[in-house]
Structures are given as C-alpha cells and as structure tokens.
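Here are my notes on the model you sent round. Please read them with the structure open.

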Amino acid sequence: NKTITKNTNSQTQTASSVPNTKSSNNSAVAKDTYVFTYETVVEMTVPDQNRKSKLSYLLNPNASYMGMKADMSEYSGGDMGGESLIIIDGDQSFVFVNTSGMKIQMSSAQMGNQQQMPSDQMENYDYTNLNKTGNTKTILGYTCYEYVMSDNQNSIQLWVAPDLVVPNWFMQNQDVIQGHILEYSVDSPEAQMTITTLEIKDNINKTINPSEYRKMF
C-alpha cells in the first residue's frame with residue numbers, strides 16, 4: 001500500500017504503510033537479548049478483502065529495534081496456536097516462533113529477504129502538504145486531531161492524540177507530529193487499509209533470548 005514519498009536524486013523513493021523487504025546477505029546475527037517495555041495492540045482492516053486481523057507492535061524507547069507480534073491462530077484459521085514475533089534491528093530482522101512447545105528462530109536474510117523499519121520508511125514521506133483539518137474524534141478516551149496529506153494517487157489520514165506520551169511505532173519525528181497516532185488510514189490504487197489502536201500497554205517487560213530458540217538454518 002504505497003503512500004506519499006519525496007524525490008531524491010531524481011528518483012522517486014516509494015515508502016510502504018507496512019514493512020517492505022530488501023535483499024541482504026546471510027550473515028545476520030541476533031543480539032543476546034531483546035527487551036520491550038511498550039506494546040501497542042492494533043487492528044488492521046482491509047475493506048476490499050473483507051479482512052480484519054490483530055497484531056502488536058513492541059517497542060523499547062531506549063533501543064533502536066522494534067518487534068511485530070502476532071497470534072498465529074489469527075492467521076491460521078485457528079489451526080495453529082502460539083506466537084510469532086518479527087524483530088527488526090537496523091538492516092537485519094529475525095523471526096522467533098513459539099508454538100506447540102517448540103521455539104524456532106530464523107533470519108529474514110536466510111529466507112532471501114529483509115524487513116525494513118517502518119520509522120525508516122516514514123523518513124521518505126513528503127510532509128510538506130500535511131494539514132491539520134480541525135476535525136476531532138475520541139479513541140481510547142483520548143481526543144484525537146485529524147491530519148491528512150495526499151498526492152494525485154494516494155492519501156493518508158492520521159488521528160493524533162497530543163496528550164498521549166507514548167512512542168509511535170512507525171514515526172519518531174516529533175517535528176512532524178506531536179503526540180501518539182492512534183489510527184491511520186491509507187487509500188491507494190493498490191488497496192485501502194486502516195489500522196486502529198485497540199490497547200496500549202506502557203509497562204510491559206517482555207524479553208526475547210535468542211539462545212532459547214533453535215535455529216532453522
């Protein structure tokens with residue numbers, strides 16, 4: 001789902017509303033531990049596909065990595081339980097699967113692709129036409145203000161709660177948006193998609209120890 005981008009060196013860099021992939025080598029090595037203190041639970045709605053799914057974004061304000069956690073039953077029709085966690089650490093990413101008493105680890109490099117930080121992708125967005133409309137609505141008890149931006153093909157709508165001081169999972173630039181983005185929508189030729197925050201847990205203590213996970217390759 002492509003969104004508004006800015007031109008660099010006469011070429012258009014395309015950012016995506018969800019993590020893209022890029023090529024990498026096979027030498028990725030995970031850290032000894034990954035610690036997360038924030039969890040944002042969201043629901044993704046794709047009207048064209050009549051599909052809804054839940055996932056969580058895990059953050060540590062003092063670390064450069066982030067995680068995307070999913071309940072495997074959400075994506076397997078209930079046939080498989082357990083947890084899948086993608087950790088994106090700079091230009092490397094790792095998949096940790098915990099299911100049926102098994103803990104499995106693999107890197108995206110080993111699978112021939114590499115995840116990209118959403119916050120890195122957001123750096124490619126052109127915010128010069130970002131406008132605050134004055135419209136408001138309440139999400140999770142917080143007053144949110146509407147921001148919009150668009151080009152001739154794509155449009156983005158953001159609902160921002162200025163009173164909620166929690167790291168944004170995909171935008172760290174406070175010069176652009178001050179507050180937490182509780183909902184955003186993308187309308188592009190490829191699809192329409194809305195991600196709405198269902199819950200924010202600001203005092204979690206989740207640690208991933210890669211040594212506990214058996215490497216697949």
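The points below go from the whole chain to the sheet, the cores and two loop residues.

1. Please keep in mind throughout that this is a predicted model. The protein chain has 217 residues, of which 45% count as buried. Its secondary structure consists of two helices and 16 strands.

2. On the surface, the protein chain exposes about 11,300 Å², and carbon and sulfur atoms supply 42% of that area. As for contacts within the protein chain, 53% of those between residues at least 6 apart in sequence join residues at least 24 apart.

3. The sheet to look at is an open one of 12 strands with mixed pairing. Its order is E10-E11-E12-E13-E14-E4-E5-E6-E7-E8-E9-E16. Which strands stand at the edges? They are strand E10 (131–139) and strand E16 (214–215). Each has a single partner strand, so one side of each lacks a neighbour in the sheet.

4. At the E10 edge, the pairing can be followed in detail. E10 and E11 run antiparallel and are joined by six bridges. Within this pair, Lys 137 stands opposite Cys 144 in E11. In general, strands of a sheet pair through backbone hydrogen bonds, in parallel or antiparallel fashion.

5. The largest nonpolar core holds 29 residues. The members that touch the most others are Tyr 57, Leu 158, Ile 177, Tyr 184 and Ile 195. Strands that each supply at least two residues of this core are E4 (38–46), E5 (51–59), E6 (66–71), E11 (142–150), E12 (155–161), E13 (180–187) and E14 (192–201). Which strand gives the most to this core? That is E12, with five residues. A second core, separate from this one, has 12 residues, including Leu 58, Phe 96, Ile 208 and Tyr 213.

6. Ser 100 deserves a look at its backbone. Although Ser 100 is not a glycine, its phi is positive, at about 50°. The residue lies in the loop between strand E8 (92–99) and strand E9 (102–107). Is Ser 100 buried or exposed? Its relative accessibility is 72%, so Ser 100 counts as exposed, the cut-off for that class being over 50%.

7. Leu 140 is another residue other than glycine with a positive phi, here near 55°. Its place is the loop between E10 and E11, the antiparallel pair of point 4. With a relative accessible area of 43%, Leu 140 is partly exposed.

Notes:
Residues numbered from 1 in each chain as written. Predicted model: local features only at pLDDT ≥ 70, side-chain atom pairs only at ≥ 80, totals over all residues. Heavy atoms only, no water. Core = buried A, V, L, I, M, F, W, Y, C linked by side-chain atoms within 4.5 Å. Buried < 20%, exposed > 50% of the residue type's maximum accessible area, 1.4 Å probe, protein only. Helix = DSSP H or I, 4+ residues; strand = E, 2+ residues; numbered from the N terminus. Pairing = 2+ DSSP bridges. Contact = heavy atoms within 4.5 Å. Areas by Shrake-Rupley, 256 points an atom, 1.4 Å probe, with all protein chains shown as cover.
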